[in-house]
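Here are a few exercises to work through with the structure open beside you. Try each task before you read its solution.

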Amino acid sequence: MSSSSTFRAPAGAATVFSADQKIRLGRLDALRSSHSVFLGRYGRRGVSSPPSASSSASSPIQAVSTPAKTETATKRSKVEIIKEKSNFIRYPLNEELLTEAPNVNESAVQLIKFHGSYQQYNREERGGRSYSFMLRTKNPSGKVPNQLYLTMDDLADEFGIGTLRLTTRQTFQLHGVLKQNLKTVMSSIIKNMGSTLGACGDLNRNVLAPAAPYVKKDYLFAQETADNIAALLSPQSGFYYDMWVDGEQFMTAESPEVVKARNDNSHGTNFVDSPEPIYGTQFLPRKFKVAVTVPTDNSVDLLTNDIGVVVVSDENGEPQGFNIYVGGGMGRTHRMESTFARLAEPIGYVPKEDILYAVKAIVVTQREHGRRDDRKYSRMKYLISSWGIEKFRDVVEQYYGKKFKPSRDLPEWEFKSYLGWHEQGDGAWFCGLHVDSGRVGGIMKKTLREVIEKYKIDVRITPNQNIVLCDIKTEWKRPITTVLAQAGLLQPEFVDPLNQTAMACPAFPLCPLAITEAERGIPSILKRVRAMFEKVGLEYDESVVIRVTGCPNGCARPYMAELGLVGDGPNSYQVWLGGTPNQMAIARSFMDKVKVHDLEKVFEPLFYHWKHERQTKESFGEYTTRMGFEKLKELIDTYKGVSQ
């Protein structure tokens with residue numbers, strides 16, 4: 001089929017291609033309504049108007065070969081109907097925010113996610129619910145300007161619970177905001193170089209990239225690409241600014257290549273004349289996550305994302321293109337084997353000038369073919385698992401308009417924390433600081449603010465919940481190191497190696513999905529693991545990647561850990577084993593319903609036998625995989641203690 005061939009799209013009917021193709025344009029049943037037709041026309045500024053048959057029929061669009069879909073009605077989830085009726089994520093949230101109630105209704109709960117907020121309540125309080133809202137920012141590459149950091153610090157004290165939380169996707173979370181203060185807080189973030197737009201909801205979330213501010217071509221290109229992907233996939237219909245700053249626009253200038261890629265409809269990707277050319281009324285079936293990095297640097301947990309993008313450079317260090325990986329995702333449901341964590345797999349290589357078009361084609365494939373009937377199966381990993389990578393690649397290539405080239409060979413990956421002092425490459429330094437579970441509060445919060453304010457420092461948040469202070473002059477290093485250490489922000493040689501790689505989600509008391517403790521429980525767990533290490537004779541500098549979540553949704557990516565603990569009951573965890581230190585292998589479920597007070601019974605035998613039976617430089621995760629789970633359970637059952 002030639003790229004110039006077009007066809008007309010009658011409203012409400014699938015379009016038949018040329019006879020030799022015998023393929024119809026795939027249509028999304030979820031988009032079919034009187035106000036929402038695939039590639040139909042919409043009123044501007046988010047006011048939907050039904051397309052007339054004549055106007056729809058006269059709108060030429062490019063022919064795209066995609067698998068035919070049946071014309072039978074498809075069941076849709078409740079959230080799909082809420083999105084459809086929302087006038088592009090406005091109604092009824094706009095009305096609910098004006099009521100005297102401390103909370104919003106169920107429809108508004110779903111919509112406010114797109115604005116970057118979750119409604120919560122303290123689950124440990126009895127005698128009623130004390131509602132509040134968690135706000136999450138959007139910070140591509142984890143970049144936080146000085147002005148925004150100081151604003152977030154102020155807002156946490158004035159309107160939050162006095163702490164900031166650094167997330168596993170390089171953003172802030174601000175807990176405890178009351179409904180009556182939402183507009184004040186949101187508008188303050190927007191007016192101080194920040195945004196929460198799309199930090200939650202069924203659309204592209206924050207785009208990860210290495211937080212290190214190296215002045216190197218590949219790192220700078222990766223971060224620029226992350227910024228451009230974030231801009232490309234940012235909502236365009238204005239609902240966010242209408243809601244929080246009365247329609248006033250605070251958007252920064254976009255690069256011409258982003259605008260061109262977004263508006264390009266040469267392969268039938270866009271909703272014509274819609275205020276949301278990529279998302280339409282329905283947005284995506286579920287959340288969507290993207291990470292960009294450079295070879296060897298897996299600080300971003302590359303394979304856990306819907307799309308992973310890796311810069312490929314020539315022998316002179318000049319970026320030439322990208323390897324792309326698709327189909328990663330962590331979330332699953334206990335006792336439902338049809339849900340699973342999954343690693344992304346290679347789809348191919350594209351030249352650098354095509355990256356936005358390739359990413360858009362992948363997103364559109366998920367938009368058109370991802371499931372919208374059951375949200376447990378709506379992530380792109382399930383689509384790829386169902387189709388297989390070959391069929392998925394074929395469909396993406398039709399929206400991309402080109403064939404993917406074979407992936408380029410890359411060196412081995414490693415996890416990079418960026419803790420401690422490093423030269424940036426421009427005469428300045430950056431300093432990576434470990435923050436347990438990303439929780440910034442108390443004297444640490446006060447001291448960080450003083451340093452960041454005094455030296456006018458920009459910061460970056462890492463995907464491991466840590467913080468990086470940027471652009472530090474040599475003469476500032478000593479005084480900054482001293483004052484930070486006094487507040488407990490230590491150089492990495494003074495931080496337990498177990499803590500350096502550990503992560504936990506917030507869980508109780510505010511997360512509505514938590515089954516058991518995570519952030520509040522991990523300090524004790526790590527101390528107990530350290531005691532077990534000492535008991536079996538493991539050295540202090542030996543470590544295991546430990547991640548803890550309060551539920552199976554996987555926010556702290558426990559399924560990539562060497563030792564993952566996933567809440568499966570009160571004070572109870574499912575134990576996962578087999579991840580690797582470089583985050584390139586997925587763990588497997590080893591044991592269910594392990595009570596928190598019984599962890600030593602499981603862990604100590606494993607650590608003991610790892611110490612005595614491992615191969616040269618064999619990590620704990622590699623050891624558990626090599627031994628096999630049946631053998632490991634036998635070692636636990638027959639363990640007689642260190643004296644054996």
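**Exercise 1. Find out how the contacts of the protein chain are spread along its sequence, and how far the model can be trusted.**

Step 1. Take the contacts between residues at least 6 apart in sequence: 69% of them join residues at least 24 apart.

Step 2. Turn to cover and surface. Of the 644 residues in the protein chain, 60% count as buried. The accessible surface comes to about 25,200 Å², and carbon and sulfur atoms hold 51% of that.

Step 3. Add the secondary structure: 19 helices and 21 strands.

Step 4. Keep in mind that this is a predicted model. The chain has a mean pLDDT of 90, with 88% of its residues at 70 or more. Over residues 1-72, however, pLDDT stays under 50, and the model has 166 contacts beyond four places in sequence for them.

**Exercise 2. Describe the surroundings of helix α4, from its N-terminal end to the residue with a positive phi just after it.**

Step 1. Locate the helix at residues 106-114. Its N-terminal end is capped by Asn105, which has a side-chain oxygen 3.3 Å from the backbone nitrogen of Ser107.

Step 2. Count the buried residues: seven of the nine, so α4 is mostly covered, with buried taken as under 20% relative accessible area. They are Ala108, Val109, Gln110, Leu111, Ile112, Lys113 and Phe114.

Step 3. Look for what covers them. The cover includes the helices α2, α3, α6 and α8, along with the strands β3 and β4.

Step 4. Move just past α4, where Gly116 takes a positive phi of about 95°.

**Exercise 3. Is Gln223 buried or exposed, and which residues does Gln223 touch?**

Step 1. Place Gln223 in helix α7, which spans residues 217-232.

Step 2. Check its relative accessible area: at 2%, Gln223 is buried.

Step 3. List the partners, leaving out residues up to four places away in sequence: Gln223 touches Ser141, Lys143, Ala209, Pro210, Ala212 and Arg460.

Step 4. Look again at Ala212, whose backbone oxygen lies 3.0 Å from a polar atom of the Gln223 side chain.

**Exercise 4. Work out where Leu208 sits and what is in contact with it.**

Step 1. Find Leu208 in the loop between α6 and α7.

Step 2. Leu208 has a relative accessible area of 0%, so this residue is buried.

Step 3. Gather its contacts beyond four places in sequence; among them are Thr168, Arg169, Gln170, Ala226, Val290 and Pro463.

Step 4. Compare sequence with space: Leu208 and Thr171 are 37 residues apart along the chain, while 9.6 Å separates their C-alpha atoms.

Terms used. Residues are numbered from 1 along each chain as its sequence is written. This is a predicted model: local features need pLDDT of at least 70, side-chain atom pairs count only at pLDDT 80 or more; totals for chains, interfaces and linings use all residues. Side-chain values use heavy atoms; hydrogens and water are left out. pLDDT is the predictor's confidence in each residue, from 0 to 100. Contact means heavy atoms within 4.5 Å. Helices (H or I, at least four residues) and strands (E, at least two) are DSSP runs, numbered from the N terminus. Buried means under 20% relative accessible area, exposed over 50%, partly exposed in between (1.4 Å probe, protein chains only). A polar contact is a pair of N or O atoms within 3.5 Å; within protein, one must be able to donate a hydrogen and the other to accept it, and residues adjacent in sequence count only if both atoms are side-chain atoms. Accessible areas come from the Shrake-Rupley method with a 1.4 Å probe; for residues, only the protein chains shown count as cover.
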